[in-house]
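The exercises below concern strand order and pairing in sheets. Work through each task with the structure in view before reading its solution.

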Amino acid sequence: MDHPSPAILCTPGFAQNNVAWSPFHTTRIAIATSANYGIVGNGRLHVASTFLSPAGLAGIKLDKFYETQDGLYDLAWSEVHENQLVTASGDGSIKLWDVMLNTLPIRAWREHTREVYGVDWSNIKKDQFVSCCMDGSVKVWTPEHPRSLTTLQAHHACVYQALLSPHQPDLLATCSGDGTLRFFDLRSPSFAPTSNTFTAPLSAPVLTVPAAPSEEIALDWNKYRPLVLASAGIDNTVKIWDCRMLQLGGSAQPIGGKCEGRLSGHEYAIRKLQWSPHRPDLLASGSYDMTCRIWTINASPGQKDLLRIHDSHTEFVVGCAWSLFEEGILATCSWDCNLHIFRV
């Protein structure tokens, strides 16, 4: 089936690592990018907006960009200030930007000692965001404080994503190179009793899900079903997890999680997942096979769970994001330096 061509924004010389729609402005979108695929060199934060031409065709225009000394791997819009967002950088720094200003970030934090792979802003405790790092740590921040509020040693391996629950304000989920998902109660951080003195003591999760025998590098909370998540990694498979046995405020549970479904079809590792903000069954996945796939987990008998393959990119698809305001609009970004926006 042929689909209309996507609207495209090119960022020449800067591979795109993630994309995020503003939670305040219907047409505003931002992209985190890096030169040389993030291996070495500088980065840029691009801010753009979508528009409709007089002929009714969708387009994207670049409004401004900000230079950084190292590549940017992730970004998250503030939930309290319509013009602010944070970025995660390869040099370990986290920066807060105001898009009404044209020069430097308004704040910068430098506690992480390795690459920061992810940032996520809470949509419940709207003054807090989290960051995750290659060294296995996760930090909780608020823009008004010069230092982090909390540090968790979540894993001994790289933490690729750390996401705050959209349903419970103090619940955090992580995915890691050790193949597990872990859940933490931020109200009662404690250390795992099995930690040894030769490594940084691990924080105690309230639940650990052994998701894969290999690296698990993508994660997202379902926006409608509390304690249901999707994860994926280098096994090329999306897994749907039901973690309702998790008990906040109780004793730590070492292992749990019920895999209630698997979505197969990607040919290489899956780098990004995002559930639809408008439908509980709809999920997008971006992969190193250069495609973004859209799935339903509620396929009728005889219906396929794969709804669409977007295969217009020519490099790894490493980011995807649903519009928060317009149902069915999806943005994808890639190492081919192109942002695509299209209707599913």
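The model is predicted.

**Exercise 1.** Determine how E14 and strand E15 pair, and place the pair in its sheet.

Solution.
1. Strand E15 covers residues 171-176, and five bridges join this strand to E14 in the antiparallel sense.
2. One bridge can be checked by residue: Val159 has Ser176 in E15 as its partner.
3. The pair belongs to an open sheet of four strands, ordered E14-E15-E16-E17, with antiparallel pairing.
4. Strand E14 (159-164) and strand E17 (207-210) are the edge strands, each pairing on one side only.
5. From one strand to the next, the twist averages 15°.

**Exercise 2.** Which strand order does the open sheet that contains E18 have, and which strands stand at its edges?

Solution.
1. The order is E18-E19-E20-E21, an open sheet of four strands with antiparallel pairing.
2. Strand E18 (216-221) and strand E21 (258-264) each have a single partner strand, so each has one side without a neighbour in the sheet.
3. The average twist from one strand to the next is 25°.

**Exercise 3.** Find the residue in E19 that stands opposite Glu216, and describe the pairing of E18 with strand E19.

Solution.
1. Strand E19 spans residues 228-233.
2. Within E19, the residue opposite Glu216 is Gly233.
3. E18 and strand E19 are antiparallel, with five bridges between them.

Note on methods
Residues numbered from 1 in each chain as written. Predicted model: local features only at pLDDT ≥ 70, side-chain atom pairs only at ≥ 80, totals over all residues. Heavy atoms only, no water. Pairing = 2+ DSSP bridges. Helix = DSSP H or I, 4+ residues; strand = E, 2+ residues; numbered from the N terminus. Axes fitted to C-alpha atoms, helices over the stretch in contact; angles between N-to-C directions.
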